[in-house]
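The following paragraphs lead the reader through the strand pairing of one structure. Please view the sequence and the model together while reading.

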Amino acid sequence: MLDNLPRGTIYIEDLEIGMSRYVRKTVTDQDIEMFAAVSTDHNPVHLDDEYAEETMFGGRIAHGMLTAGLISAVIGEQLPGHGTIYMGQSLKFLAPVRPNDTVVAEVTVTDIDMSKRRVRMDCACSVDGKKVLAGEATVLAPSRKLD
């Protein structure tokens, strides 16, 4: 997994609108199999080549929530990072992610409510520059004054 900055915490007092972080990960067959095991989602469109070839996707695809999990990785590890608590997430799946695709998950701060410690962020995932997922997250950010 490659990302653009070290992992840790950016306190709400240091956040700015427009701040952005990303993670890049190639989704492997093993990732898909492990996600199926953990989530108990064994839909054959993710796991069975013959089945998946007959679907509208023409082949296997990764679980949408596996892709969305990369957004969680950026939020929980980089922006704001350690100590962040998810409050909400909207997602729109725009295109499939296939085994061996490299996904770039990016999060950008769009609004900061200091009094409530809430941060709203635009979230997107892309493969080869094509957006495959879009959404928005609201989180409770760690505070230097309270944590």
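The account begins at a turn: strands β5 and β6 form a hairpin that has two residues between them. Within this turn, Asp128 has a positive phi of about 50°. The model under discussion is a predicted one.

On either side of that turn, β5 covers residues 118–127 and β6 covers residues 130–140. The two strands pair in the antiparallel sense, over 10 bridges. One position in this pairing may be located by residue, since Arg120 stands opposite Thr138 in β6.

Strand β5 also has β4 as a partner. These strands run antiparallel and are joined by 10 bridges. Here Thr108 has Asp122 in β5 as its bridge partner. β4 and β5 form a hairpin as well, with four residues between the strands. In this hairpin Arg117 adopts a positive phi, near 60°.

From β4, which spans residues 102–113, the path leads on to β2, made up of residues 20–26. Seven bridges connect β2 with β4, and the sense of the pairing is antiparallel. A residue to look for in this pairing is Lys25, which stands opposite Val103 in β4.

The remaining pairing returns the reader to β6. Which strand pairs with β6 over eight bridges? It is strand β3, residues 85–93, and the two are antiparallel. In this pairing Leu91 stands opposite Gly135 in β6.

Taken in order, the pairings can be followed from β2 to β4, from β4 to β5, from β5 to β6, and from β6 to β3.

Methods: Residues numbered from 1 in each chain as written. Predicted model: local features only at pLDDT ≥ 70, side-chain atom pairs only at ≥ 80, totals over all residues. Heavy atoms only, no water. Pairing = 2+ DSSP bridges.
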